[in-house]
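Colleague: I would like to press you on the terms you use for this model. Please show the reasoning behind each one.

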Amino acid sequence: MKVNILKVRNLCKNYPGVAALKNVNLNIQRNSVHCIVGENGAGKSTLIKILTCVEKPTRGEIFFNGQTYQARTIRNAINMGISTLFQELNVVDQLTVEENLTLGREKTKYGIIKKADNSEKVYTVLKDFAPDISLRRKVSSLSFVEKQIVEVVKALGVDANLIIMDEPTAALSDEESKRLFTVIKNLKNQNVTVIYISHILNDIFSIGDYVTVLRDGNVIGTEKVSDITTEELIKMMVGKTIIGNYASRNIDYTRKVLYVRNLCTEKLHDINFDLYKNEIIGFYGLRGAGKSEIAQALFGLDTIKKGEVTVNGKMRNFRIPKDAMRNGIIMVPEERLTEGLIMKLPIRSNISITNLKKISKLFVINSKKERVIAKEYIKKMNIKARSIEQKAKTLSGGNQQKVVISKCLNADSVIFLMDEPTRGIDVGAKEEIHKIIRDLATEGASIIIFSSEYSEIVNLCDKIFLLWEGEILQVLDNKDVHAEEVMNVITQGKKRAKNEDSN
Amino acid sequence: MKIQISVDFLQKLVIVGVLVLIVIVLSLLTDTFLTVTNLTNVSRQVSFVVITGSAVTLLMISGNFDLSVGSTLGLTGMLSAYFVTLGVPLWLSIILSTLIGTCIGLLNGVLVVRLKIPSIIATLGTMYIARGVALVITKGHSIHLGLGPNFTFLGRGYLGPVPITLLIIIFILGLFYFIETKTILGKYAFAIGGNKRTTLLSGVNVDAIIILLYILVGTLTGFSGTLLASRLGVGQPMVGQGFEFDVIVAVILGGTSLKGGEGSIFGMLIGAFIVGLIANGLNLLGIHSFYQSILKGVILAGAVLLDIMLKKRITV
């Protein structure tokens, strides 16, 4: 038996316009829990996609159990012994635990399902891991962690040697996380290796043996968890941040454009903040901390349960985005492919749609004006396209994002809610977009950045709000920001905040 | 690269080519096909499909669906005759029946948008309801007495040498072509069909637009119904069965995607004529109508297959 169950050599993955993985090398030791951490966009999800055959690598080799790993489908991978616990669970809610465990491997006689005998491996494993989960129960009645356990057990039933877990605790409470950790520790006894992907640092120190840090598609380093401190790990994740890019502006504190008090929705609790003319503020937190939820509540996409939103001195509660846009608010949505663009339509139509009134009379569109505006933005935003008639789906990620920003600028708004404005695009385009955002603020707009990328927040924002589970934990001025402290707060949330209170 | 720009154009070229081919074949095979009388006849037959189809094309571009147009056509046609027998003036009867169509459209829109019933199910429901109402009112009988001599004016009359129906079709086609290509409504229909969420986030009242499109379909169908009754000279509650599929076939032949986001009124017009001419040609050739149904099915599947292959070829 080889010491390393999985070896990755010089793995590269290029998407149009972006290198998501650059010469990644990894050694995963047998019977260990190997954590992979990194910010959003560091390359974690691309790595999972390649290991689970959702994507093909551009270059590089992977060896599994000493042999070249060439699975073509996810089923293939499972048969070779690699199972994956995705964030979106792969259980069928309408079936019982037993039916889920045997799904696809039912024993049949003359085409009729035979009652499985209890000596089957999955049953013994289930008893080992979770004796309290009854085989007869409908999976829909299980909690999230119980469903995860069912999936892990199912993977063991087909003799998985390696289980990849993608942010498994993102949706779990502390108690549930502990239960999952017990399961993971148990897996080691069953000779199963775990690749644990997360950005919650507490998890890594609770169960990890090794940790590899990814940043911008590069492996920054692999360390033994027992040999490293939280501070060192955070430094590896964030890197040397060039804060020199941040330049303070003259903020017009006499003009309060947005005033939010005690904003509550399904996911948000008592959000308070003010936004002034020329100001850029930022909300920073992990996935699920409530960033998008704030943007959506302000843009008429979510029901506000309680609280007050005042725009330019008038109290507002928007029913649909159209209402928000009438009041000068526009949102750059988080998902450019499914929320920002209409892929089938040309750049021209994608840009004009936010403000057809400007180019029409009595509902009839002046197509000449439409073309002029589209051309202006292509030039102003440096969009690399053959013509304004090029369809959005044929552009690279960075250029697509510039089209999204263009359409938002075209709405002639004064308040910009920007949800992950540069996610997944290359460094050059990122810099360009950052410059546009700064220029906008200087010219008189007010901007809220929602980002899970530390350097973006620090480089752009005058004031930074740290979010955890729908609550603002701390508000910092740009000059008071220290990477380690901030990361500590957003990755460890309340636990940390409470400790500080008691100290 | 140049090829990519002309995908839409190529699609249109193909269906126009098919239409021309059919015309050539039929005029070679029969003496009666290429006559003014016959072609006028075909135009009249497809006119109802074209009128309703103009609005249905926009609706399907937006990614929605309407199965109720056949029943609506039957109901409003019957009502236009029924109102006349009650003593309502003909002009008012036409307007009232058209407005009933509008109401059915509104109902469809509200069911789909506000109550979030999938459009196929919701309009299947109104399809049964409208047909049922027509049968209840007439007790299943046709209305042909007491309609007066003017009742058939719209459907059979001429303005100079030109059939009135033809003028109406040209007007409605022109209007909807204009809506499709030049107006905000047309633009929104494509945007909603292309990506509803993005369109909502771009500040469009998506719900209102979809309801409006259903209302347009209902209104035009209502008007088609009165036109059909006028042409037949009778108010018939069972008329228009299968009409919804004729419309949908024409729209799909015309290159409108079932998923929405692409399509054209022009394509629908050609599609309607392809279906109409084939039926007409088979009649002239003395082939039994049973075979027409088979052929219609083959053509529909073939057209969509061709479309899929064409797109694959070009985007690769």
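The questions below go through overall form, domains, core, one helix, one hairpin and the chain contact.

Modeller: One caution before we start. This is a predicted model.

Colleague: Why is chain A called as compact as a globular protein of 503 residues?

Modeller: Start with its make-up: chain A has 17 helices and 24 strands. Its radius of gyration is 25 Å, and the globule rule gives 23 Å for 503 residues. The two values are close, so chain A is as compact as a globular protein of that length. Its C-alpha trace spans about 75 × 60 × 45 Å along the principal axes. Buried residues make up 43% of chain A.

Colleague: What share of the contacts in chain A between residues at least 6 apart in sequence join residues at least 24 apart?

Modeller: The share is 70%. A contact here needs C-beta atoms within 7 Å.

Colleague: Which domains does the assignment give for chain A, and how many residues does each put into their contact?

Modeller: Domain 1 covers 4-90 + 159-238, and domain 2 covers 255-502. Their C-alpha centres lie 31 Å apart. The contact takes 15 residues from domain 1 of chain A and 18 residues from domain 2 of chain A. On the domain 1 side, helix H7 (201-207) and helix H8 (230-238) of chain A each supply at least two residues. H8(A) gives the most, with three residues. By class, that side divides into eight nonpolar, five polar and two charged residues.

Colleague: How do you know where the largest nonpolar core lies relative to domain 1 and domain 2 of chain A?

Modeller: Look at who contributes. The core has 221 residues, and those with the most contacts inside it are Ile163(A), Phe416(A), Leu417(A), Ile447(A) and Leu466(A). Its largest share, 13 residues, comes from helix H11 (residues 206-232) of chain B. Both domains of chain A give residues to this core, so it lies between them.

Colleague: Which residues does Leu417(A) touch, leaving out those up to four places away in sequence?

Modeller: Leu417(A) touches Ala295(A), Leu298(A), Phe299(A), Ile329(A), Met331(A), Val332(A) and Ile448(A).

Colleague: What makes helix H9 of chain A mostly covered?

Modeller: The test for a buried residue is 20 or more other C-beta atoms within 10 Å of its own. In H9(A), residues 291-298, eight of eight residues are buried. Among them are Lys291(A) and Glu293(A), as well as Ile294(A) and Leu298(A). Ala295(A), a contact of Leu417(A), is also on the buried list. After H9(A) comes Gly300(A), with a positive phi near 80°.

Colleague: How do you know that strands S13 and S14 of chain A pair?

Modeller: Pairing requires at least two bridges. S13(A), residues 252-264, and S14(A), residues 271-277, have six, in the antiparallel sense. Asp252(A) has Lys277(A) in S14(A) as its bridge partner. The hairpin has six residues between the strands, and there Asp270(A) takes a positive phi near 45°.

Colleague: What makes up the contact of chain B with chain A?

Modeller: The contact takes 20 residues from chain B and 25 residues from chain A. On the chain B side, the elements giving two or more residues are helix H9 (184-194) and helix H10 (196-201) of chain B. H9(B) gives the most, with six residues. That side has eight nonpolar, eight polar and four charged residues.

Methods:
Residues are numbered from 1 along each chain as its sequence is written. Chains are lettered from A and ligands numbered from 1 in the order in which they are written. This is a predicted model: local features need pLDDT of at least 70, side-chain atom pairs count only at pLDDT 80 or more; totals for chains, interfaces and linings use all residues. Two residues are in contact if their C-beta atoms, placed from the backbone, lie within 7 Å. Helices (H or I, at least four residues) and strands (E, at least two) are DSSP runs, numbered from the N terminus. Ala, Val, Leu, Ile, Met, Phe, Trp, Tyr, Cys and Pro count as nonpolar, Asp, Glu, Lys and Arg as charged, and the others, Gly among them, as polar. Domain bounds come from an automatic or database domain assignment. The radius of gyration is taken over C-alpha atoms; the globule rule is 2.2 Å times the number of residues to the power 0.38. A residue is buried if 20 or more other C-beta atoms lie within 10 Å of its own, exposed if 12 or fewer, and partly exposed in between; C-beta atoms are placed from the backbone. A nonpolar core is a set of buried Ala, Val, Leu, Ile, Met, Phe, Trp, Tyr and Cys residues joined through C-beta atoms within 7 Å.
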